[in-house]
Amino acid sequence: TTAKPDISREKSAELYEKAKTYFPGGVNSPVRAFKSVYGTPLFIQKGDGCHVWDADGNQFIDFCCSWGPLILGHNNAKVREKVVETIQNGMSFGAPTALENELAELILKNNKYIEKIRFVSSGTEAVMSAIRLARGYTKRDKILKFEGCYHGHSDSLLVKAGSGLVTFGETSSAGVPKSFADETIVVSLNDKEALQKAFKEFKDQIAAVIIEPIPANNGLLLQHKEYLQFLREICTANGTMLIFDEVISGFRVGFEGAAGYYQIQPDIITYGKIIGGGMPVGAYGASAQIMDHISPVGSVYQAGTLSGNPVAMGAGIAQITELLRMGFYRDLNNKAQEFAEAIQRFATARNYKLKVFSIGSIFWFAFTDKDIRTAEDIDPQSMEKFKKMHRELLNRGVYFGPSGYEVGFISSAHTKTDLEKAKRAIFDSLDVVFRS
Ligand code: PMP
């Protein structure tokens, strides 16, 4: 197998040149700029089922799925029809609507890990609000996060580990005051000792421990259930709230997300992506007792002009209804697991240094032969291989998110035939990566 000639990116390149004059880096969210993969970013024109088409008319089987929300694939008829139906009545009122009740009921009746919910407009907003709730509830200021977990771009969370086992965080973005980062403690994943040390050093000061229970923003860093249980216990023992950031894992690995998957009850859970069916939505939920600390009943303030937006609620209702159908997750997860296993078998048979990590319908290719559980386990050099693979895949009609640190998503719209086709393209691309 040899490298394929590059697809045409003429129109995309033209659009990108224009976009660069309008937006910093030509984009409205950084990773879209294709900085860590080959070539100009593809401008997407439309999506249908598991396919997307770019401005040059190239067709791809899409494993990015808008970074996770599209669990039913692109342009799902039920979601689209509900959006069109809802929009006939206007787009926003800034007043309560029955649609909010309907989506909340679908979620709360089928998810025993939260009793009340609040809808916001993005994952970032959900997490920022959850942190404020935890601080307001515990009357403590510090939070603890893990290296390799992403929780959106709010100030307290744009913080990375400094040097040393337990450290105050260092800002990972210009514009975040050092004094904010000082309130965030950062430790490594999968390290009980570091956590114990942090709790000892900052006794009675930690409001919340926040984790992606299925860390999926820095590769897929699957944690042991036992470690997550340890988190639950150490938080309880210290009067600290445990926040599961399920913006990716929520409604993805199962209806009850990672909480249900591991059967661990966090104090607060954040959601996003899937509950909006592709519209801008986030949410956070907890027990009624905890949630009632939020304004207007409680003293923790949080608000939003477009919160619970009717059109977004409509999309969410239609999508969530589909997820509740018998066997939805079983079928999706089986299909995804077969896909991941087949690729792993192919790589192993050829002695390629590749590990396919997966859970539910999330997968990640790591160019390594090691077990990877922490951000520090990932060799940045290995990203060169991803970059090569990404180019080959695009040239063979398969679209992965443009970074080797990002996970892939399989939707219910990916048929067995599509997955077979994608597998062949992946096999050929891996041959090029490892043999040339
Ligand atoms: N938390 C997690 C776990 C996420 O994956 C993301 C986004 N990828 C966010 C928070 C932020 O969500 P948003 O991009 O909608 O603000």
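These are my notebook entries on the ligand shell, two helices and several strands of a predicted model.

**Ground rules**

I count residues from 1 along each chain, as its sequence is written. Since this is a predicted model, I accept local features at pLDDT of at least 70 and side-chain atom pairs only at pLDDT 80 or more, while totals for chains, interfaces and linings use all residues. My helices (H or I, at least four residues) and strands (E, at least two) are DSSP runs, numbered from the N terminus.

**Ligand shell**

I started with the ligand and found 15 residues around it, of which Ser122, Gly123, Thr124, Gly152 and Val247 come nearest. A residue is near here if its C-beta atom, placed from the backbone, lies within 6 Å of the molecule. I sorted the shell by class and got five nonpolar, eight polar and two charged residues. For that I took Ala, Val, Leu, Ile, Met, Phe, Trp, Tyr, Cys and Pro as nonpolar, Asp, Glu, Lys and Arg as charged, and the others, Gly among them, as polar. Helix 4 (residues 123–138) gives the most to this shell, with three residues.

**Helix 7**

Next I looked up helix 7, residues 225–237. Its 13 residues reach 18 Å from first C-alpha to last, close to the 18 Å expected at 1.5 Å a residue (1.5 Å times one less than the number of residues). Which of its residues are buried? I noted Leu228, Leu231 and Cys235. They cover an arc of only 45° around the axis, which puts them on the same side of helix 7; the arc is that of the directions from the helix axis to the C-beta atoms. On the other side, Glu226, Glu233 and Ala237 are exposed. Buried means 20 or more other C-beta atoms within 10 Å of a residue's own, exposed means 12 or fewer, and partly exposed is in between, with C-beta atoms placed from the backbone. The cover over the buried residues of helix 7 includes strand 10 (206–211), strand 11 (241–245) and helix 8 (257–262), taking contact as C-beta atoms, placed from the backbone, within 7 Å. After helix 7 I came to glycine 239, with a positive phi near 65°.

**Helix 6**

In helix 6 (residues 192–201) I listed Ala194, Leu195, Ala198 and Phe199 as buried. Seen down the axis, they fall within an arc of 135°, so they line one face of helix 6. Glu193, Lys200 and Glu201 are exposed on the other side. Helix 7 turned up again here, since what covers the buried residues of helix 6 includes strand 5 (142–146), strand 9 (184–187), strand 10 and helix 7.

**Strand 13**

All five residues of strand 13 (residues 282–286) are buried, so this strand is largely enclosed by the rest of the structure. I checked both faces: Gly282, Tyr284 and Ala286 lie on one, Ala283 and Gly285 on the other. Strand 4 (residues 116–120) runs antiparallel to strand 13 and joins it by five bridges; strands pair if DSSP finds at least two bridges between them. Strand 12 (residues 268–271) also pairs with strand 13 in the antiparallel sense, over four bridges. Alanine 283 stands opposite phenylalanine 119 and is the bridge partner of tyrosine 271 too.

**Two open sheets**

My last look was at an open sheet of four strands in the order 1-2-3-16, with mixed pairing. Strand 1 (44–48) and strand 16 (398–399) stand at its edges, each with a single partner strand, so one side of each is left without a neighbour in the sheet. I also noted an open antiparallel sheet in the order 14-15-17.

Definitions and conventions: Contact = placed C-beta atoms within 7 Å.
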